[in-house]
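Colleague: I would like to learn how to read a model like this, feature by feature. Could you take me through it?

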Amino acid sequence: MRGAVLVAIAAAIGNLLQGWDNATIAGAVLYIKREFDLQSQPKIEGLIVAMSLVGATVITTFSGPVSDSLGRRPMLIASSILYFLSGLVMLWAPNVETLLFARLLDGFGIGLAVTLVPVYISETAPPEIRGLLNTLPQFTGSVGMFLSYCMVFGMSLMDSPSWRLMLGVLSAPSIVYFVLAVLFLPESPRWLVSKGKMKEAKKVLQMLRGTEDVSGELALLVEGLGIGGETSIEEYIISQDNNDSQDHAVVDKDQIKLYGAEEGQSWIAKPVTGQQSTLGMVSRYGSMAAAASQSMIPTMDPMVTLFGSVHEKVPEMGSMLFSNFGSMLINTKTDGDDVEGHEWDEENPHHKDIIGEDGDGSEGSGREDELEENMRSPLLSRQDTNGGEQVGGGVGIGGGWQLAYRKDEKSSGGLKRIFLHQEGGGVGGMVGAGSRRGSVLSLGGGEGEPVHAAALVSRSVLHLDRVSGHGSIGEAIDKQVEGSGGGGGGAAKGGAGWRDLFEPGVKHALVVGVGLQILQQFSGINGVLYYTPQILEQAGVSVLLSTLGLGSESASLLISGLTTLLMLPSIGVAMRLMDIAGRRWLLLSTLPVLLTTLILLVLGNVIHLGTVTHAVISTGSVIVYFCTFVMGFGPVPNILCAEIFPTRVRGICIAICALTFWIGDIIVTYSLPVLLNSIGLGGVFGIYAAVCTVAWFFVYLKVPETKGMPLEVITEFFAVGAKQSLAAENN
């Protein structure tokens, strides 16, 4: 896991350069206006700032499909080169036209970094810390802004500040980024799998995870290529397999034999009916917690409640069951057909006794206060029941999920792939925590009480004739690539078409991703960011620092730098909460604060207050606005967009979302100087406040929680949820 952290840090340097550029142009434009006499030409001023956004928009149009074709790593290397070239041209720029060209090149580099760094980190990070690592771009971007403001502030104290030097310094850190990208960053393992390069993908995963045994995760990546097919939500009682036979048929007619990645690893799954599980209830009603509100708020997206069921509360011993159930599965072995899944149970829609007839194969959740533990621990622990010594066996696929296989009785040689997650209740109902713990522990050795799990079941891209016998999962995947006919690598090589964007799950994810990007931009962040020095100068901030003997320009730059410094601990809090409280919670909690600060800015500008009072309100509101934004609405949209699309169309979908981002950025940035001259700060912030209000309702009604879930499970949920939504609309 240490490798994944280091790789994420190195990749996030691209966002440090973006933050550096944003802050530099915010300070340099004060001096550019003076040299080229642009005080009376706000449109030219806006174009100088917005030209990098034009470049980012243009390059984004191609970045997704090109990265799907050439890979993520080459595009990050290209980004570092473009940063370097743009810095050199800005250092020389003799006139406005040359400066505009340099800003265009700079935009190309920014567009590649901002679009692909979140994708790259999502595809290389473990699910348990994916949110934390994907908040790094926000953190490094703010570090870049702070360092840049320090530099610009220092230069502003000179007799003749050089805006060319301010902008040209960008070339120096871009060299560091280039070296790291070339020598240290590996290619995304998911991209390698999509191109059938399994051996390379395995080596990268081993480096990222720091372990030799990555067969389970590699199998997950292969299965991810087939997401979007017919999927059922089922639930099972899982118990050890005491039958030494390898025959699929040597089980009772109401039971199913499941196979894990390890040789001889198998379990017995019994479909059950009767009581309905968390996911079963959600499949039919939306969510245990949201069922009532669903009737009162008919516009609540069923997708939100489906994902929410994964994080509902369950009995207190939930997290204990997770680790102990893993021990039981690992220590229980039987000869059988090895398929890739890391451990556990499986499908079949109609269950007895415990899990509902609709069973949703999602996870039964753990208590809110224990959820983070559940999400960080795989269902199948590597410890035995006697004391923690590691034994042979696979680990989960992340976030408390497990991958298993069974024979597809309806297809000759076909397999069913199952994503499993343990449900919260005991087999006999809500048995006591103590008795459940004891029985689960005893399963590792002999008799014990079975446990039950929810499952997402669909056709596997692997085939029985390629995984039967005693071959390892690695060999099975190799055969899949050689056969190139059953989904896996071969299918992926054909690439994704635009028709894939019209699949229900992909369309639903695009609504969420594009909607978040539009609302993020029109909440005004980049407009405020680029013009913070001018906004503070207009608000009279120099009054607060008059005792320091600073001019208005230097004073506004100093406060801008201090603001970015205060943003860093705020991002640190977001990094901690991203995988615990979750993305959705952060958005719903921070948007009201953004709205409050914007309202204060409006009041401070429409009500005639004293100069000092006006300056205090404006400065304090801007600082709180930035610090709150970087905790929620800053990082979360990009994190979600990098998580919710299937591997085969992720590049194209990310390009669409990023294109929306940059078009909105251009509109906001280019229009802000004009709006400031026409309706003033009060009117501008009034518009932004209205957008934040709309954004809160959009998040509440449309944006699901994805914390701790493997990417392939997330996209499977979107596919299942979208089809359920369509079915509900047709009824």
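Modeller: Gladly. Keep in mind that this is a predicted model. Let us begin with strands.

Colleague: Which strands does E5 pair with, and in what direction do they run?

Modeller: Strand E5 covers residues 414-422 and is joined to E4 by six bridges, antiparallel. On E6 (residues 451-463), eight bridges join it to E5, again antiparallel.

Colleague: Which residues are bridge partners in E5 for Lys407 and Arg406?

Modeller: Lys407 has Leu415 as its partner in E5. For Arg406 the partner is Lys416. Towards E6, His421 is matched with Ala454.

Colleague: How many residues of E5 are buried?

Modeller: Nine of the nine, so the strand is largely enclosed by the rest of the structure. Look at the two directions in which its residues point. Gly414, Lys416, Ile418, Leu420 and Gln422 point one way, while Leu415, Arg417, Phe419 and His421 point the other way; all are buried. Strand E4 (residues 402-407) is mostly covered, with five of its six residues buried.

Colleague: Arg417 is a charged residue in that strand. What does its side chain meet in a salt bridge?

Modeller: Start with the general idea. Side chains of opposite charge can pair when their charged atoms come close. Here Arg417 meets Glu716, at 3.1 Å from N to O. Arg417 belongs to strand E5 and Glu716 to helix H31 (residues 711-730), so the pair ties together parts that are 299 residues apart in sequence. Both Arg417 and Glu716 are buried. Arg417 also lies over the face of Phe419, 4.1 Å from the ring centre.

Colleague: How many salt bridges does the count come to?

Modeller: The count is 14. One of them joins Glu503 and Arg648, at 2.4 Å from N to O. That pair links distant parts of the chain, 145 residues apart. Glu503 sits in the loop between helices H21 (488-493) and H22 (504-522), and Arg648 in the loop between H28 (636-641) and H29.

Colleague: Why does Glu503 count as partly exposed?

Modeller: Because its relative accessibility is 24%, and buried means under 20% while exposed means over 50%.

Colleague: Which residues are linked in a network of salt bridges?

Modeller: Asp68, Arg72, Glu123 and Arg650 are.

Colleague: Now helices. How does the span of H11 compare with what its residues should give?

Modeller: Take the number of residues and the rise for each, then check the end C-alpha atoms. Helix H11 (residues 198-209) has 12 residues, which should span 16 Å at 1.5 Å a residue; the ends are 16 Å apart, so the two agree. Its buried residues include Met198, Val204, Leu208 and Arg209. Arg209 forms a salt bridge with Glu217, at 2.7 Å from N to O. Both of these partners are buried. Just after H11, Gly210 has a positive phi of about 70°.

Colleague: And where is the kink in H29?

Modeller: At Leu672, about 40°, shortly before the proline Pro673. Check the span as well. H29 (residues 650-678) has 29 residues and reaches 41 Å between its first and last C-alpha, close to the 42 Å expected. Gly680, just after H29, takes a positive phi of about 75°.

Colleague: How many aromatic pairs does a search of the whole structure find?

Modeller: It finds 11. Read each one by the distance between centres and the angle between planes. Tyr625 and Phe626 are edge-to-face, 5.9 Å centre to centre with 70° between the planes. Tyr625 is buried at 1% relative accessible area, and Phe626 is buried at 4%. Phe685 and Tyr688 also form an edge-to-face pair, at 6.2 Å and 70°.

Colleague: How are Phe685 and Tyr688 placed in helix H30?

Modeller: They are three residues apart in H30 (residues 680-702), so about one helical turn separates them. Both Phe685 and Tyr688 are buried.

Colleague: Which residues form one aromatic cluster?

Modeller: Phe307, Trp401, Phe717 and Phe718 do.

Colleague: One last contact. What distance separates the C-alpha atoms of Gln240 and Pro450?

Modeller: They are 7.8 Å apart, although the two positions lie 210 residues apart along the chain. Gln240 is part of strand E1 (residues 231-240). Gln240 is buried, with 14% relative accessible area.

Technical notes
Residues numbered from 1 in each chain as written. Predicted model: local features only at pLDDT ≥ 70, side-chain atom pairs only at ≥ 80, totals over all residues. Heavy atoms only, no water. Buried < 20%, exposed > 50% of the residue type's maximum accessible area, 1.4 Å probe, protein only. Helix = DSSP H or I, 4+ residues; strand = E, 2+ residues; numbered from the N terminus. Pairing = 2+ DSSP bridges. Expected span 1.5 Å × (residues − 1). Bend = angle between axes of the 7 residues up to and from the residue. Phe/Tyr/Trp six-rings, centres within 6.5 Å; stacked < 30°, edge-to-face > 60°. Lys NZ or Arg CZ within 6 Å of the ring centre and 35° of its normal. Salt bridge = Lys/Arg side-chain N within 4 Å of Asp/Glu carboxyl O.
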